[in-house]
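User: I am new to this structure. Please pick one part for a close look, then set it in its surroundings.

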Amino acid sequence: MTLAEAILAAHVGAPVHPGQLIDVPVDLVLANDITAPIAIREFEKIGVGKVFDRDKVVLVPDHFTPNKDIPSAEQCQQVRLFARRQELTHYFEVGRLGIEHVLLPEQGLVVPGDVVVGADSHTCTYGALGAFATGMGSTDIAVAMATGRIWMKVPPTFRFIYRGERRPWVGGKDLILYTIGKIGVDGARYMAMEFAGPAIESLPMDDRFTMSNMAIEAGGKAGLIAVDDVTRAYLAEHARRPYREFRSDPDAVFAETLEIDVSEIEPQVAFPHLPSNTRPISQVGNIPIDQVVIGSCTNGRIGDMRLAAEILRGRSVHPNVRCIVIPGSQEVMRQMIREGLAEVFLDAGAAISTPTCGPCLGGHMGILAAGERCVSTTNRNFIGRMGHRTSEVYLAGPAVAAASAVLGRIAGPDELPAPWA
Amino acid sequence: MKLTGKAWVFGDNIDTDVIIPARRLNMSTAEELAKYVMEDLDPSLAGKIEPGDIFVAGKNFGCGSSREHAPLALKGAGVACVIAESFARIFYRNAINIGLPILESPEAARRIRQGDRVTVDLSTGIITDETTGEQFQSEPYPEFILQIIRAGGLIAKTRQDLLGGAA
């Protein structure tokens, strides 16, 4: 069996095969301030009274918080009151929260071998820890909250093997954008993606989260990476529960396999309006920009902040650009301050926001006007995603985003003059 | 059960942000969301859709976010059914769960033209383009999905399962 199949098989207590419909017990159920209100409404209709396990239902109001308007405040209030009524162990309030997919691994709530379902499409992020995690809608999540179980079809696995040495400034975001560019936004539709190979083994944990996070952008149901020493070192600091490691058997059957030589990959930029519309940075041309966003569940971790700060240190944000830095959690923000990164951003003329999904989905904290362009470390560049329907989002990693903020156009770090020049 | 309506034709990869942008997700009922359906593609579209109309789209319809608001907005706007070459996974589950009929038929998706009158027989999966007379057979639902549809959605099915049919 593949890694994905092995985790699901351990949960149902029998071997599984792709295409099989199974009823799976879940280890964690997640919803946010946008999806929980509908999930709560549907949950109440089921009539069970209490959630299946108050330790395993997690609610994170991260999208439109701190509350951006009255309707959002009311949605958050519904979530808060439900959490109190249900005496949920893991409800996170503004000031103690983070973007859900940055927060949950950091808090040790997800461990390898788990099955996690979340009413958020980027729930697939936890695949980086060797967990089977997938996004669903509110009604599915209502059922999981009530019963602790969910039906799903065992997905076939699409394996990606990355070899070779990464070039300077190339990180997890560039690898995943390149991959989506190769296979398209439905290239892994309904499949579990498994990222493997020597170039993954040498990839830091934060970059792995970025890759698994964007599996959904290729239509993937999950984006898994087997546990290795990098994962174990991360878990030693964060995990709150014992965990079980799984990996693909040597004779596992993969629906497809794609080998990628990462030494050929330049920093990537996904042009509007699909994440698959990628170009290497050398072929971008001269595109002036109005805004840069550095953050999100894709690139809001401390590794991302360090990379952006490395480029912004001693430099200034271009006069025509608003640069908005959003650490993914309170912990990331605290670390950013400890390491002096906050000061680097402030000195460069960037705004620092409290953790929120905010502009990524055009919620608040950086909405674009008609015709404006943004280089963003987020995950989607669909029409109207960050604001007006004629605005444009260019997806990139933190290095390209920071360099673009300095130069006022989409650019790679190699194009920057030395900070003292 | 048969549905007949006018076809609205769209391309590939219609994402959930286009179906209902996130700026509208501070609402959660079908009626409220319906006013803004597809607004970033065509701000006037919501006003032109008539109850019973049918959406026809290319591949990967509903890709992107998990927002159940997307099928809710379509249902609220009166869209009776979505026919597509293929659907994104989460959208497929959401549509079935809330009772928005969806059918997969690459042929129908390619052949049906904007404004054609289309009839869909949900019990047989046969799609008829009344304007051209062409007929298409859609992919049949797996038995488990049929159980959800017959129960009247996932919540109703869960109640049945939990209460042993007493619901």
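Analyst: The answer starts with one helix and then moves outward.

The model is predicted, so local features need pLDDT of at least 70, side-chain atom pairs count only at pLDDT 80 or more, and totals for chains, interfaces and linings use all residues. Residues are numbered from 1 along each chain as its sequence is written, while chains are lettered from A and ligands numbered from 1 in the order in which they are written.

Take helix 11 of chain A, residues 302-312. Helices (H or I, at least four residues) and strands (E, at least two) are DSSP runs, numbered from the N terminus. How many of the 11 residues of helix 11 of chain A are buried? Eight are, and the helix is mostly covered. Buried means 20 or more other C-beta atoms within 10 Å of the residue's own; exposed means 12 or fewer, and partly exposed lies in between, with C-beta atoms placed from the backbone. The buried set opens with Ile302(A), Asp304(A) and Met305(A). Leu307(A), Ala308(A) and Ala309(A) belong to it too. Ile311(A) and Leu312(A) complete it. Just past the helix comes Gly314(A), with a positive phi of about 75°.

Now the chain around it. Chain A holds 14 helices and 18 strands. Its radius of gyration (over C-alpha atoms) is 20 Å, close to the 22 Å that the globule rule gives for 421 residues, so chain A is as compact as a globular protein of that length. That rule is 2.2 Å times the number of residues to the power 0.38. Along the principal axes, the C-alpha trace of chain A spans about 65 × 55 × 40 Å. Of its 421 residues, 62% count as buried. Contacts (C-beta atoms, placed from the backbone, within 7 Å) reach far along the sequence. Among those in chain A between residues at least 6 apart, 77% join residues at least 24 apart.

Another helix of chain A offers an exposed residue. Asp229(A) sits in helix 9, residues 229-238. Asp229(A) has 8 other C-beta atoms within 10 Å, so it counts as exposed. From Asp229(A) to Ser202(A) is 27 residues in sequence and 10.0 Å in space, C-alpha to C-alpha.

Chain A also has an open sheet of four strands, in the order 10-9-8-11, with parallel pairing. Pairing needs at least two DSSP bridges between two strands. Strand 10 (222-224) and strand 11 (256-261) are the edges, each pairing on one side only. From one strand to the next, the twist averages 20°. Strand 8 (residues 157-163) runs parallel to strand 11, joined by six bridges. One bridge pair is Arg163(A) with Asp261(A) in strand 11 of chain A.

Chain B has an open sheet as well. Its seven strands follow the order 4-3-2-1-5-6-7, with mixed pairing. Strand 4 (102-104) and strand 7 (135-137) of chain B stand at the edges with a single partner each, so one side of each lacks a neighbour in the sheet. Neighbouring strands there are turned by 25° on average, direction ignored. Strand 1 (residues 2-9) and strand 5 (residues 117-121) of chain B pair antiparallel over five bridges. Lys6(B) stands opposite Arg117(B) in strand 5 of chain B.

Last, a helix pair. The axes of helix 4 (residues 69-76) and helix 5 (residues 89-98) of chain B come within 9 Å and cross at roughly 50°. Axes are lines fitted to C-alpha atoms, for helices over the stretch in contact; angles run from 0 to 180 degrees between N-to-C directions. The two helices of chain B are therefore oblique to each other. Under 35 degrees counts as roughly parallel, over 145 as roughly antiparallel, 65 to 115 as roughly perpendicular, and the rest as oblique. Ala70(B), Pro71(B), Leu72(B) and Lys75(B) in helix 4 meet Phe91(B), Asn94(B), Ala95(B) and Ile98(B) in helix 5 of chain B.

Technical notes
Contact = placed C-beta atoms within 7 Å.
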